[in-house]
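Colleague: I should be grateful for a close look at a single part of this model, namely the place where the two domains of the first chain meet. Please take me through it step by step.

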Amino acid sequence: MTSEYRFTHKHVLGLADFSVEDIQAVLQTAESFKEISSRAIKKVPTLRGKTIINFFFEPSTRTRLSFEVAAKRMSADTFNISNSGSSTVKGETLIDTARNLAAMNPDCIILRHPRSGSARLLADHINASVINAGDGTHEHPSQGLLDLMTVREAKGGIAGLKIAIIGDIAHSRVAHSNIIGFSKMGASVTVSGPATLIPPGIEELGARVSRSVMEAVDGADVIMALRIQKERQQDPLFPSLREYAKFFGVSQKVADAASPEAIIMHPGPINRGVELDPKLADGSRSVILEQVTNGVAVRMALLYLIMGGD
Amino acid sequence: MPGLIFLKNGRVIDPANGIDQIQDVLIVDGRISAVVKPGTLPEQTGGLVFDLTGKWVVPGLIDMHVHLREPGQEYKETIETGTRAAAAGGFTAVAAMPNTKPVNDNQAVTVFILAKAAEAGFARVYPVGAISSGSNGEHLAEFGELRQAGAVAVTDDGLPVGNSQLMRRALEYASNHDLLVISHAEEMTLSHSGAMNDGALATRLGLRGIPHVAEEIMVYRDLALADFTGRPIHIAHVSTRESLSLIRRAKEKGVAVTAETAPHYFTLTEKAVDGYNTLAKMNPPLRTEADVAAVREALRDGTLDAIATDHAPHGELDKDMEFDQAANGIIGLETAVPLTLRLVRENQLDARRMVELLSVNPARILGVVGGTLSVGAPADITVIDPEKKFVFSEESIQSKSRNSPFLGWELQGKAVLTILAGRITWGQDSFSS
């Protein structure tokens, strides 16, 4: 990173908008903030007086809580709105609701929404910063960043690593942000899963596609299993969870084909025994809980960089 | 003398009569009275005289695919505003699709549309009836009464006829009533809830794709049914390369098929939707460079017979929202001429072919008046200034809606005078007469 570098983004809408320097800045900031969460007094005054709204249109435990914990550790004031409690159920449009929230002068709105492009739409219509906490099947940039941080910690770097992402690539915003992020940082990414769940043109985001899970994980440094989103499967995408687990689940045999030091990741929540063998999820190579810990640090870094960084 | 208009020194392009030369055109009492060499006729007095040096005089343009939204969605467009937009774009006639609220599946709606059109007086409106009652794909609409009331064609446009047997029966039964059957070709189980063309861009944007085969499978089915029944079919808004190959092959085989495309399919690719631009969202979706090239080729070689705008007005209410929730369609009446002229300037089409695509062929396909400047024909005439440059701006739009991906484009060439049955419907202000 050159000395003139400055993080200038007002919004965090997707890793597609981030340069390598931007990603490095977030990761370095997150690494320096991580220690705060292990103090006895887990709070710094950095964002005192800032107002942050968590605006969640989809159920979320981990991401919403992670953002809230991150904001509170930075001393910001946080407010949570979920779909069931919002006026959108009374027919108000996303834009109108957002304008009303904006009229209360928040500094940042964190949006989780089922429609791709919704975070961008929000950013186009209000003055506050917007952080995309997952929009449809588009991106989930803070998840991508926390995965990058976790791999960098475990492996000492990212460039040159082999990353295998296994499962529902088509409906996974996590996969999209990870493919973009890891390939930007110089890793090679291979995806595999049922061909029905590999979207057209995924290569253009930076991934190689393998029809065989065993081939995809061959020599991999990182295996990431993705959640099968049962609620999204209206299409005839695969015959049964049983068959999915047998042919596309990350099992001990699959893990054995990877590098002996390979780490196991999953963005959660896990369907145990479907996309990931429970023994691997809980085993010594799993960094799944480290991902959650790093999630708080990455979100602290993002909030700091867009609101407090000068 | 009342009812007299004299159009001097224009380039008359009248493919029906094999004319492309500088001529004077005299209109008397709503009909074309003479088309002759300049200087042949004595100076006219008492009527309107226009010196059209440098301009084209062509048979009135006919848009065989528009959505006028009335009855039911008057906040988007009315028959009056839609036909005024037509006149402003150089059109003297439009075919109005039946997906109004209620659907034009019966004579009462057809009669209403015609009455409103007559009241407005900006363009001939040819109602298109529904194939099925309510366009719900179950039972045939009353074709006989629709025809008697003034419908010229039937379609469930906006939706495909999913049931192949119903489409077959529609083709057969339409022959009793001399109605053209128009196909909105879309295999819904493939396009279902898609928001844009399927492919890498859809993947990057996280939007569900509509694969090109969703169109092609249905184009093939309808060509097969037309062949099987021996009845003519017209394929609406063709957007893909392979659809065009199928139509080309069917024509070679002798199937009575005609087809149209819209200016956006030869002007824009799917890239126009990047950034979640809902103004470029439509169905069928914008496709790829290869498809655009194929559409242009098909306009030249006759695989496509007509350019129709699929004018689809929507309010901000319908467009300013999450991309996959936004309405499909764009307004097109006021940009069709300049966008087609781009092809002429790029030598992709000649002027005569442009007039065939926008006037001669639509008249023939629909079986309606127009498409000619023959002496004695109704004086439906469009005057085009092929050089006039302008920026397409919201303020200039005559349609009630503003949903166009061409806003802000610098365009060249437009209709400067539109004459319907000898009456000027647009553009007189721009001339001193």
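Modeller: Domain bounds here come from an automatic or database domain assignment. The model is a predicted one. In chain A, domain 1 comprises residues 15–137 + 292–308, while domain 2 covers residues 141–290. Between the C-alpha centres of domain 1 and domain 2 of chain A there is a distance of 25 Å. Where the domains touch, 23 residues of domain 1 of chain A are in contact with 19 residues of domain 2 of chain A; two residues count as being in contact if their C-beta atoms, placed from the backbone, lie within 7 Å.

Let us turn to the side that domain 1 of chain A presents to domain 2 of chain A. Helix H1 (20–34), strand E4 (129–135) and helix H11 (288–308) of chain A each supply at least two residues to this side. The greatest contribution is that of H11(A), with 8 residues. Sorted by class, this side of domain 1 of chain A contains 13 nonpolar, 7 polar and 3 charged residues.

Helix H11 of chain A also has a part in the interior. The largest nonpolar core has 231 residues, and H11(A) gives the most to this core, with 12 residues. Among the residues with the most contacts inside the core are A:Ile166, A:Val222, A:Ile223 and A:Leu303 of chain A, together with B:Val154 of chain B. As an example, consider A:Ile166: leaving aside neighbours within four places in sequence, its contacts include A:Val213, A:Ile223, A:Leu226, A:Phe248 and A:Val250.

Conventions:
Residues numbered from 1 in each chain as written. Chains lettered and ligands numbered in written order. Predicted model: local features only at pLDDT ≥ 70, side-chain atom pairs only at ≥ 80, totals over all residues. Helix = DSSP H or I, 4+ residues; strand = E, 2+ residues; numbered from the N terminus. Nonpolar A, V, L, I, M, F, W, Y, C, P; charged D, E, K, R; others polar. Core = buried A, V, L, I, M, F, W, Y, C linked by C-beta atoms within 7 Å. Buried ≥ 20, exposed ≤ 12 C-beta atoms within 10 Å, placed from the backbone.
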